[in-house]
Amino acid sequence: MWLLAELTYKCPLQCAYCANPVEFARQDGELDTEQWISIMQQARELGAAQLGFSGGEPLLRNDLEILVEEGRKLGFYTNLITSGIGMDEGRVKRLKDAGLDHIQISFQASSEELNNRIAGSKKAFAQKIAMARAVKAAGYPMVLNFVLHRQNIDYIEEILTLSMELQADYVELANAQYHGWALKNRLHLLPSREQLQRAEKITNQFREKSAGKMKTFFIIPDYFEDRPKACMNGWGSIFLTVSPDGKALPCHSARVLPLEFPDLTTESVESAWFKSDAFNAFRGDDWMLEPCRSCDEKQKDFGGCRCQALMIAGDARQADPVCAKSPHHEKIEALVNNRVEPAVDLDPLFLRNKKNSLKLSANSIA
């Protein structure tokens, strides 16, 4: 149902919670325009209805308008997920003319100083404000996204106030999930339970006061749940992500798993989706170990996140450790309940950039 086209891993920002692979600098090449169009055509033939463009920063692709226009011709509902950096009023108009249905703009915080520090850019905040207003003026629904973590979660009231000032229709308060760069920087990003509860309380109060004016979604981090989410609505069930170099993935974090994912430069979308070992690896429930195998909730959450199971429990077949039934749940509880202040000199914050990506790549190879 959902095709997510990760057009590039390049990005002008350096967010320490980025979901891109920490070793993105090792990924060679990007699909060209014709390759992306072919993948879009194949996915549409199989029934995909939603098409998202993301990255990195998809605005860095000069062919974005061409891809949007092709998506419209194919009958997709198209969505651009962007930082707003690299956009101006002229490009908003060109995207509108190409048929783009929806734009989501991400912010890092509600103040210029904090937003720019988290983004690693001196001009990001002013550009985001200008582009949010341009998107609204172009007739798009105003959709904002804030990734919450310990560095900005205490400013939740200011974040909601800014969203109202920008006349947002939808605001996604997406607490960081600990994959990719967020996992590497978890010590710096993981909030306390008290911080999370306070932020959720303020959000609920704000909803009551702004009823009908702005829809607000508060997404709790997996670590603070006692049951796992149905990751991507089930492995290889609804979502197909295609990476910049053409790898077909059941989710954007799946490259951490010890699986050989299909290469869409040499294999069809149909073959990747239906026949590949990777996409069939965690479909159904034959792969499940206890307690998932006999759990009466397994058709509800499908065992949770396979990447999280690997990273915390050491085995992708295990129950997602956020589940209270998991024998590894105590590891999650220890992370949440024993949160400590990072020793900055010993545990530096790794900004998402090519230099740090190459450094982490070299360490992982060693």
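Okay, one definition before anything else: when I say nonpolar core, I mean a set of buried Ala, Val, Leu, Ile, Met, Phe, Trp, Tyr and Cys residues joined through side-chain atoms within 4.5 Å. Keep that in mind, and keep in mind too that what you see above is a predicted model.

So, with that term in hand, how many residues does the largest nonpolar core have? It has 81, and the residues with the most contacts inside it are Phe 53, Ile 105, Phe 107, Leu 144, Phe 146, Leu 173 and Tyr 223. Helix H5, residues 124-137, gives this core its largest share, seven residues. There's also a second core, separate from that one, with 15 residues, among them Leu 249, Cys 251, Ala 278 and Cys 292.

Let me step back to the whole chain. We've got 15 helices and nine strands. The C-alpha trace spans about 55 × 50 × 45 Å along its principal axes. Why call the chain compact? Because a compact globule of 366 residues would have a radius of gyration near 21 Å, and this chain has 20 Å, which agrees. Of those 366 residues, 53% count as buried. And if you take the contacts with a separation of 6 or more, 71% of them are between residues 24 or more positions apart. As for the outside, the accessible surface comes to about 16700 Å², and carbon and sulfur atoms account for 50% of that.

Now the sheet. Nine strands form an open sheet with mixed pairing, and the order reads E7-E6-E5-E4-E3-E2-E1-E8-E9. The edges are E7 (215-219) and E9 (248-249), each of which pairs on one side only. Over at the E9 end, E8 (residues 239-242) and E9 run antiparallel, joined by two bridges. One pair to look for there is Thr 241 with its bridge partner in E9, Leu 249. You've heard Leu 249 already, in the list for the second core.

Let's move along to E5, residues 143-148. Is this strand mostly covered or mostly open? Mostly covered: six of its six residues are buried. On one side you have Val 143, Asn 145 and Val 147, on the other Leu 144, Phe 146 and Leu 148, and both faces are covered.

What does E5 pair with? E4, residues 102-107, pairs with E5 in the parallel sense over four bridges. In that pairing, Phe 107 has Phe 146 as its bridge partner in E5, and both of those Phe residues were on the core list a minute ago. E6, residues 170-175, also pairs with E5 in the parallel sense, over six bridges. Here Leu 148 has Asn 175 as its bridge partner in E6. To get from E5 to E6, the chain goes through helix H6 (residues 156-165), and this β-α-β crossover is right-handed.

Last stop, helix H2, residues 64-74. Which of its residues are buried? Leu 64, Glu 65, Leu 67, Val 68, Glu 70 and Gly 71. Their cover includes helix H1 (33-45), strand E2 (50-54), strand E3 (77-82) and helix H3 (89-98). To see one of these contacts up close, go to Phe 53: setting aside residues up to four places away in sequence, Phe 53 touches Leu 64, Leu 67 and Val 68, among others including Ala 5, Pro 58 and Ile 81. After H2 comes Gly 75, with a positive phi near 100°.

That's my tour, so over to you.

How values were computed:
Residues are numbered from 1 along each chain as its sequence is written. This is a predicted model: local features need pLDDT of at least 70, side-chain atom pairs count only at pLDDT 80 or more; totals for chains, interfaces and linings use all residues. Side-chain values use heavy atoms; hydrogens and water are left out. Buried means under 20% relative accessible area, exposed over 50%, partly exposed in between (1.4 Å probe, protein chains only). Contact means heavy atoms within 4.5 Å. Two strands pair if DSSP finds at least two bridges between them. A crossover is right-handed if, with the strands pointing away from the viewer, the path from the first strand over the helix to the second runs clockwise. The radius of gyration is taken over C-alpha atoms; the globule rule is 2.2 Å times the number of residues to the power 0.38. Accessible areas come from the Shrake-Rupley method with a 1.4 Å probe; for residues, only the protein chains shown count as cover.
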